[in-house]
Amino acid sequence: RDIVHRDIKSKNLLVMSDGRVVIADLGLAKLCRRLSESAGDPGTRCGSPNYIGPEGAQSTSSARDMYALGCVLCEAVLRRDPDQCVRDEHIALANSFLQLQGFRLVKDVMNGLLESKPEDRPSAATVVDRLRDPNASVAWVALVIMQHQGSTRVVEDGCRQLTSVCHKFPLSVSSVEMLCGVVSDLVVKHEKHVSILLECFRLLVELLGGGEANARACGHRLDEHGTACRVITALRNHARDVALHEIGVTLLAEFCRALRGEEGRHKENIFNADGLSVILAALGTHLHEAVVQEQGYGFLAELCHGMQGGVTDLCRQSLAKENVLRGLVKTLQAHAQHVGVQKAGITCLVNLCRGEDCHVSERRRTVCRSDAVLVVVSAAGLHHDQSDIQEGCKNLISELASETDDVFLQMLQRRLSMTLGMLGSSPRSARIAPNACGQGATRRIGCHHLLTPKSWRRLEEQEEEQEQRPPCAT
């Protein structure tokens with residue numbers, strides 16, 4: 001508007017109830033438009049000394065307002081009043097803090113406004129455009145959160161705003177890494193505040209879902225800070241909180257997916273932090289919470305994913321126990337209609353049966369002895385339109401049928417025969433689809449005659465005849 005305020009300072013910037021910032025005290029601005037720009041005019045020598053640039057108080061160009069705004073930003077970063085005598089020290093201290101915490105965009109904006117030459121400072125329109133960048137927005141909000149970590153309301157509202165921005169706009173990798181560092185510190189500081197932990201976990205889940213590059217960068221940064229172990233501790237301390245477990249277990253699952261295929265130490269840290277016991281306890285406590293069950297078994301499936309050996313095999317051995325498998329079978333039965341729970345549970349079973357270690361045969365026998373085969377085959381019949389469940393059933397039978405021990409294969413054949421016999425008397429929706437176990441696997445165990453389309457049609461015909469038969473007289 002071609003107006004020079006000439007007295008921009010923190011006391012003249014008012015924050016309204018709706019979040020807008022307005023500029024107060026326009027008396028000098030009006031005087032500036034009436035007076036000439038003569039350097040000798042004493043009327044132009046005005047302003048607060050601590051916010052005046054090197055060009056002096058007599059300047060009436062808009063660049064002096066930009067310099068004053070830079071002083072306000074430096075004041076906000078350091079949270080101390082500006083002092084003209086030690087301005088250079090304050091600027092250096094603010095730059096050091098912003099550089100250390102990763103607020104590069106904030107640092108660049110502030111240094112641009114504090115250029116000693118007026119012609120080198122950006123215009124007001126340029127500053128507005130830079131501040132409207134989503135990466136700059138999240139940087140400012142994160143800076144406010146760091147400065148008010150002791151305020152529960154500020155932290156909760158700030159994390160909520162960050163989650164909203166991350167959901168609407170794509171962020172740069174550097175912004176994602178910066179936010180991960182800030183949130184990791186919050187999780188450590190507020191480990192007893194469930195409301196803050198909820199908002200922090202939601203923000204991290206949003207960051208992990210922001211594309212492959214951002215997810216991997218976020219995973220690496222969280223791994224550096226040991227955030228997964230902090231999440232496990234929070235779940236242990238708040239074992240009865242359903243909402244915290246829903247988002248916390250989801251965060252752990254997304255974290256492992258982001259680092260899938262990497263031989264990092266994230267699995268080892270989780271294993272050493274007794275993460276398996278905490279998640280298994282949560283699955284038992286919240287049996288009827290579908291989200292906890294889906295994400296919990298998704299997390300366990302990720303821990304058992306891959307062929308690296310080492311910690312992966314240790315996780316498989318810890319999960320391939322009869323009580324754990326009973327819990328998994330119970331979950332699949334309790335959530336038979338929930339597609340997500342079925343997918344996660346079947347994937348966990350398939351990963352348990354994989355591997356090249358010396359205990360893989362023992363794990364397969366344990367799975368075969370349980371009711372897992374019955375439940376998985378039932379799920380394949382119930383969700384015949386879900387390709388992931390059908391594929392998971394095939395993979396499970398294929399892994400079990402890859403054994404060379406004839407005694408084990410005979411046991412597997414009996415289990416499948418018993419399963420199909422039980423399902424033959426049940427409704428058609430609960431019967432396995434033709435060849436859902438895979439032709440190669442069924443030939444290997446000698447039960448292909450039970451799973452052919454011909455036998456499937458024969459069972460259907462028998463069921464239809466039974467339905468059409470008149471009821472017997474009592």
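## Overall architecture

Helices and strands are here runs assigned by DSSP, with at least four residues for a helix and at least two for a strand, and they are numbered from the N terminus. By that definition, the protein chain of this predicted model contains 24 helices and 2 strands.

The chain has 474 residues, and buried residues account for 48% of them. Contacts between residues at least 6 apart in sequence also reveal how the chain is arranged: 66% of these contacts join residues at least 24 apart.

## Confidence of the prediction

The protein chain has a mean pLDDT of 81, and 82% of its residues reach 70 or more. Among the elements of the chain, helix H9 (residues 194-208) has the highest mean pLDDT, at 95, whereas helix H23 (residues 439-444) has the lowest, at 46.

Two stretches deserve caution. Over residues 425-436 the pLDDT stays under 50, and the model gives this stretch 41 contacts beyond four places in sequence. Residues 439-456 also have a pLDDT below 50, with 37 contacts in the model beyond near neighbours in sequence.

## The largest pocket

The largest pocket encloses about 2200 Å³ of space. Its lining consists of 50 residues, and those nearest the centre are Leu13, Val21, Ile23, Leu69 and Leu131. By class, the lining comprises 28 nonpolar, 11 polar and 11 charged residues.

Several elements contribute at least two residues each to this lining. They include both strand S1 (13-15) and strand S2 (21-23), together with helix H1 (27-34) and helix H2 (63-78). Helix H5 (124-131), helix H6 (134-147) and helix H7 (152-168) do so as well.

## Salt bridges within helices

Side chains of opposite charge can pair when their charged atoms come close. Across the whole structure, 18 salt bridges are found.

One of these salt bridges joins the side chains of arginine 202 and glutamate 199, with an N to O distance of 3.2 Å. The two residues are 3 apart in helix H9, so about one helical turn separates them. Their surroundings can be described by accessibility: glutamate 199 is buried because its relative accessibility is 11%, under the 20% cut-off, while arginine 202 is partly exposed at 35%. Both residues also belong to a network of salt bridges that links Arg153, Asp157, Arg160, Glu199 and Arg202.

A further pair is formed by the side chains of arginine 221 and glutamate 224, whose N to O distance is 3.8 Å. These residues lie 3 apart in helix H10 (residues 212-225), so they too are separated by about one helical turn. Arginine 221 is partly exposed, with a relative accessible area of 26%, and glutamate 224 is exposed, with a value of 55%.

## A salt bridge between distant parts of the sequence

Glutamate 302 and arginine 260 form a salt bridge in which the closest N and O atoms are 2.2 Å apart. Glutamate 302 lies in helix H15 (residues 290-303), and arginine 260 lies in the loop between helix H12 (242-258) and helix H13 (266-272); the pair therefore ties together parts that are 42 residues apart in sequence.

The partners have unlike accessibility classes: glutamate 302 is buried, with a relative accessible area of 7%, whereas arginine 260 is partly exposed at 39%.

Technical notes. Residues numbered from 1 in each chain as written. Predicted model: local features only at pLDDT ≥ 70, side-chain atom pairs only at ≥ 80, totals over all residues. Heavy atoms only, no water. pLDDT = per-residue confidence, 0-100. Contact = heavy atoms within 4.5 Å. 1 Å grid on protein atoms, 1.4 Å probe; cavity = no way out; pocket = protein on both sides within 12 Å on 5 of 7 lines; lining within 4 Å. Points joined across faces, edges and corners; volume = space filled by probe spheres on them. Nonpolar A, V, L, I, M, F, W, Y, C, P; charged D, E, K, R; others polar. Salt bridge = Lys/Arg side-chain N within 4 Å of Asp/Glu carboxyl O. Buried < 20%, exposed > 50% of the residue type's maximum accessible area, 1.4 Å probe, protein only.
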